[in-house]
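Hi everyone, thanks for coming. Today I'd like to walk you through one structure, a piece at a time, and please have the picture open while I talk.

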Amino acid sequence: DRFVNGVIERISPEAPIPVLHGRGESSAMGGAGNVVANIISLGARAIPVSVIGTDTAGDSLVRMLGELGADTAGLAQERGRMTSSKSRFSALNQQVLRFDEEEIKPLGAAERAGLIRHFRTALARADIVILSDYGKGILLDGVAGELIAICREAGKPVLVDPKGRDYARYAGATAITPNRKELGEAVGHAVFADDEIVAAARELISAHGFDFVVATRSEKGMSVVGPDEARHIATQAREVFDVSGAGDTVIATFALALASGADPVAAASIANAAGGVVVGKRGTARLTVEELTGALF
């Protein structure tokens, strides 16, 4: 994620468009990189595994992850792949243009074999796995299912932040963490009330063998739904500045709590508090242990 800030003082003589005078820019890790950043800022270790490009954005990503202290051995840079990059241009904190550079395609045979190899190596050192699906192609063509099967075989819990409507590709995962809109899309109709959330979640559990579903519900908090019981966790009222990356913070916190021995409801309560903190921050935010502790006690 690249952020370019500036001021607009005139219209271009070349076309009826504003001219942005640059005043500075910054970069941050978006997508699954933000999940990694949140895990590390909460005091845990993360081993990202993915395939990115041999391009400027890919080099920046590896550098930023390395500076955070993440183990980047599982990141493969391939010539035939483009690292997704999104540039946001803003004037006086108002975004005026977003410029995306990305190509969505599944992994080739050699890329897939390399990813699986890196994944198995990383899994041996891991307590829990997060599949953060941003729909960029890495988990297409059965890759998600293969990674989930490897986790199950190793006895390691695997959480999925899903994308799209077809959750069959995540069958067998320990849990999925859709938001309310995504949950509705997955079952083919809108869901709003508590009982509708529970019914939709149980439909997915029955169809795809999840242990439980954690549905995030914006200002209404979160719902943890298993085959036999359901709990709804209310959010703390606070001013919302920006929801960018809130889902990344929630799944990172939930995974760490679960890996530390918390039950799903307790883990969701902690993750719910974490989400409440980051929506009060501007930009793609990460959470510290002190901020989380302050929100919980």
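Let's begin with the aromatic rings. How many aromatic pairs are there? The count comes to 2 aromatic pairs, and please keep in mind that this is a predicted model. One of them is formed by Phe212 and Phe254. If you are new to this, a pair of aromatic rings is described by two things, the distance of the centres and the angle of the planes. For Phe212 and Phe254 the centres are 6.1 Å apart and the planes make an angle of 70°. Why do we call that edge-to-face? Because 70° between the planes is over the cut-off of 60 degrees.

Where do these two rings sit along the chain? Phe212 belongs to strand 10, residues 212-216, while Phe254 belongs to helix 7, residues 246-259. They are 42 residues apart, so the pair links distant parts of the chain. And are they buried or exposed? Phe212 has a relative accessible area of 10%, so it is buried. Phe254 is buried as well, at 1% relative accessibility.

Keep helix 7 in view for a moment, please. Helix 1, residues 32-41, crosses helix 7 at roughly 45°, and the two axes come within 8 Å. That angle makes helix 1 oblique to helix 7. The crossing of helix 1 past helix 7 is right-handed. Which residues make the contact? On the helix 1 side you will find Asn34, Val35, Asn38 and Ile39. On the helix 7 side there are Asp248, Thr249, Ile251, Ala252 and Leu256.

Now a second helix pair. Turn to helix 3, residues 109-123, and helix 4, residues 143-154. Their axes are 11 Å apart, and the packing angle is about 25°. Why are they described as roughly parallel? Because an angle of about 25° falls under the cut-off of 35 degrees. Helix 3 also passes helix 4 in a right-handed crossing. From helix 3, the residues that meet helix 4 are Arg112, Leu115, Ile116, Phe119, Arg120 and Leu123. Their partners in helix 4 are Val143, Glu146, Leu147, Ile150, Cys151 and Ala154.

Next, the charged side chains. How many salt bridges does the structure hold? There are 12 salt bridges, and I'll show you some examples.

The first example is Glu25 with Arg2, where the closest N and O atoms are 3.0 Å apart. Glu25 lies in strand 2, residues 18-27, and Arg2 lies in strand 1, residues 2-11. The two are 23 residues apart in sequence, so this salt bridge ties together separate parts of the chain. Glu25 is exposed, with 51% relative accessibility, whereas Arg2 is partly exposed, at 28%.

Let's go to a salt bridge within a helix. The side chains of Glu67 and Arg63 meet with an N to O distance of 3.3 Å. Both residues are part of helix 2, residues 56-68, and they sit 4 residues apart, which is about one turn of the helix. Glu67 counts as exposed at 58% relative accessibility, and Arg63 as partly exposed at 44%.

Helix 5, residues 180-187, offers another example, with Glu185 and Lys181 placed 4 residues apart, about one turn of the helix. Their closest N and O atoms are 2.9 Å apart, and they form a salt bridge. Here Glu185 is partly exposed, at 25% relative accessibility, and Lys181 is exposed, at 56%.

Let me add a polar residue, Asn272, which is found in helix 8, residues 264-278. Is Asn272 buried or exposed? With 10% relative accessibility, Asn272 counts as buried. Leaving out residues up to four places away in sequence, Asn272 touches Gly221, Met222, Ile233, Ala234 and Thr235.

For contrast, look at Glu14, in the loop between strand 1 and strand 2. Glu14 counts as exposed, since its relative accessibility is 76%. Finally, find Phe297, which is 283 residues from Glu14 along the chain. The C-alpha atoms of Glu14 and Phe297 are separated by 57 Å.

That's my tour. I'm happy to take questions!

Technical notes: Residues numbered from 1 in each chain as written. Predicted model: local features only at pLDDT ≥ 70, side-chain atom pairs only at ≥ 80, totals over all residues. Heavy atoms only, no water. Phe/Tyr/Trp six-rings, centres within 6.5 Å; stacked < 30°, edge-to-face > 60°. Buried < 20%, exposed > 50% of the residue type's maximum accessible area, 1.4 Å probe, protein only. Contact = heavy atoms within 4.5 Å. Salt bridge = Lys/Arg side-chain N within 4 Å of Asp/Glu carboxyl O. Axes fitted to C-alpha atoms, helices over the stretch in contact; angles between N-to-C directions. Left-handed = near helix turned anticlockwise from the far one by under 90°. Parallel < 35°, antiparallel > 145°, perpendicular 65-115°, else oblique.
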